[in-house]
Amino acid sequence: NPEGTEMSVAQILAEVEKHPAAHVVLTGGEPMVARGIHELATALRSLGKHITIETAGTVAPGGIACDLASISPKLADSTPVPSSIEPAWIERHEKSRLRPEILREWLTAYPFQLKFVVSSEADLPEIHALLAATGLPVSPSKILLMPEGTNDELLKSRQSEVIAICLEKGHRYCDRLHIHLFGNTMGT
């Protein structure tokens, strides 16, 4: 469920203009389903902002203004366990979590990086299969791997293995700084 204050595009732009930052990140949940997202991105572009869109890559870009697509496809272990959520939602999530044809649109239209949360090297075959399904060559350096974990202890226990994978495969390591700083909390 969406949280936070409902704001118009004009209100968001007024808030953005209060800050000197040259970079703006559109994120969510899934920002591509937000009402007015294309209008907002166009307005941010007119202000001269560098726009990064953090997306799961399951909704077509539709020509949105974007300088960097930061795409985080959801791997199989992102599906909630049945006891925590209704089975119909789980089925919908599984059917929609990977859309190689839409991912291909993002990869061909924008500069991109692909970010994956991984638990171990066992996650790599699924990542490679997804990239193969796009039919596009993807440089290993465009892939960022983050250790899975919702607390410092778990992140640190997986950090060495993920760093070793990055060094071996030519991927980039990405820490989960928000977990280190704020814990596993909404809005960070």
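**Exercise 1.** Determine whether Glu 148 is buried, partly exposed or exposed, and describe its salt bridge.

*Solution.* Step 1: the model is a predicted one, in which local features need pLDDT of at least 70 and side-chain atom pairs count only at pLDDT 80 or more, whereas totals for chains, interfaces and linings use all residues. Residues are numbered from 1 along each chain as its sequence is written, and side-chain values use heavy atoms, with hydrogens and water left out.

Step 2: the relative accessibility of Glu 148 is 25%, so this residue counts as partly exposed (buried means under 20% relative accessible area, exposed over 50%, partly exposed in between; 1.4 Å probe, protein chains only).

Step 3: Glu 148 forms a salt bridge with Arg 158, with 2.1 Å between the closest N and O atoms (a side-chain nitrogen of Lys or Arg within 4 Å of a carboxyl oxygen of Asp or Glu). Because Glu 148 lies in the loop between S5 and H6 and Arg 158 in helix H6, the pair ties together parts that are 10 residues apart in sequence. Helices (H or I, at least four residues) and strands (E, at least two) are DSSP runs, numbered from the N terminus.

**Exercise 2.** Place helix H6 relative to the sheet.

*Solution.* Step 1: the open sheet has six strands in the order S1-S2-S3-S4-S5-S6, with parallel pairing (two strands pair if DSSP finds at least two bridges between them). Its edge strands are S1 and S6 (172–173), each pairing on one side only.

Step 2: S4 (residues 112–118) and S5 (residues 143–147) run parallel and are joined by five bridges. Lys 115 has Leu 144 in S5 as its bridge partner.

Step 3: helix H6 (residues 152–169) packs on the sheet and touches S4, S5 and S6 (contact means heavy atoms within 4.5 Å). The direction of H6 makes about 155° with that of S5; axes are lines fitted to C-alpha atoms, for helices over the stretch in contact, and angles run from 0 to 180 degrees between N-to-C directions.

**Exercise 3.** Characterise the surroundings of Thr 134.

*Solution.* Step 1: Thr 134 belongs to helix H5 (residues 124–134). With 1% relative accessibility, Thr 134 counts as buried.

Step 2: not counting residues up to four places away in sequence, Thr 134 touches Pro 100, Leu 103, Arg 104 and Leu 107.

**Exercise 4.** Identify which side chains of S1 are buried.

*Solution.* Step 1: side chains alternate along S1 (residues 23–26). Step 2: Val 24 and Leu 26 point to one face and are buried, while His 23 and Val 25 point to the other and are not. Step 3: opposite Val 25 stands Thr 52 in S2.
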